[in-house]
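This briefing covers a nonpolar core, a surface patch and a set of salt bridges. Please keep the sequence and the structure in view while reading.

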Amino acid sequence: MYKLLTGWLVATPRTWQDILAVLVCIVGKLALTPSNYPHVSLGWDKLNHFAAFMALAWAAWLGVRTAAFRQWISLLGLVVYGAAIEVLQLYVPGRSSEWLDLLADAIGIGVGAMMAAYLLRKLAT
């Protein structure tokens, strides 16, 4: 299992950038679809935000892992992306814009980046 996990983690940064691009599209689609359409949910809106942005941060951190400054810029970009989603949701029927959603996004970004950084550090030792 450990070998499978380490092989998956050390995928090329380009692979993680591609995964990030796909995740950005998926999160955008889920966040900006009117609420009366069927959608994926973990049962609590804030948990949905947390999990989505944790996955985005994970992919972003691994996608630019060779440049620390770019890692931080990518995380800041994800916070801006979360804020943009909240603003756009003002215009989507059945959706609401909440500061707590953006907070859940930010916490997910922090946790995802910390997990990715920790695992990369463990693999390097």
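Which residues does Q71 touch, not counting residues up to four places away in sequence? Q71 touches W61, V64 and R65. The model is predicted, and the points below are grouped by topic.

**Helix α4: Q71 and V80**
- Q71 is found in helix α4. Its relative accessible area is 6%, under the 20% limit, so Q71 counts as buried.
- V80 is also found in helix α4, but V80 is exposed, with a relative accessible area of 52%.
- V80 belongs to a nonpolar surface patch of about 490 Å². The other residues making this patch are F69, I73, L76 and V79.

**Nonpolar core**
- The largest nonpolar core has 20 residues. Those that touch the most other members are W16, F53, L56, W61, L75, L78 and I109.
- At least two core residues come from each of α2 (13-32), α3 (45-63), α4 (68-88) and α5 (99-124).
- Helix α3 gives the most to this core, with 8 residues.
- Leaving aside residues up to four places away in sequence, L75 touches A57, W61, I109 and A113.
- W61 is thus a contact of L75 and a contact of Q71.

**Salt bridge within helix α2**
- The count of salt bridges comes to 4.
- One of them joins R14 and D18, whose closest N and O atoms are 3.3 Å apart.
- R14 and D18 are 4 residues apart in helix α2, so about one helical turn separates them.
- R14 is exposed at 54% relative accessibility, whereas D18 is partly exposed at 37%.

**Salt bridges around K46**
- Side chains of opposite charge can pair when their charged atoms come close.
- K46 forms a salt bridge with D45, and the closest N and O atoms are 3.2 Å apart.
- K46 also meets E98 in a salt bridge, at 2.8 Å from N to O. This pair links distant parts of the chain, with K46 in helix α3 and E98 in the loop between α4 and α5, 52 residues apart.
- K46 is buried, with a relative accessible area of 15%. Its partners are both partly exposed: D45 has a relative accessible area of 33%, and E98 has one of 29%.
- A network of salt bridges links D45, K46, E98 and D101.

Methods:
Residues numbered from 1 in each chain as written. Predicted model: local features only at pLDDT ≥ 70, side-chain atom pairs only at ≥ 80, totals over all residues. Heavy atoms only, no water. Core = buried A, V, L, I, M, F, W, Y, C linked by side-chain atoms within 4.5 Å. Buried < 20%, exposed > 50% of the residue type's maximum accessible area, 1.4 Å probe, protein only. Contact = heavy atoms within 4.5 Å. Patch = residues over 30% accessible without salt bridge, like charges linked within 9 Å, V, L, I, M, F, W, Y side chains within 5 Å. Areas by Shrake-Rupley, 256 points an atom, 1.4 Å probe, with all protein chains shown as cover. Salt bridge = Lys/Arg side-chain N within 4 Å of Asp/Glu carboxyl O.
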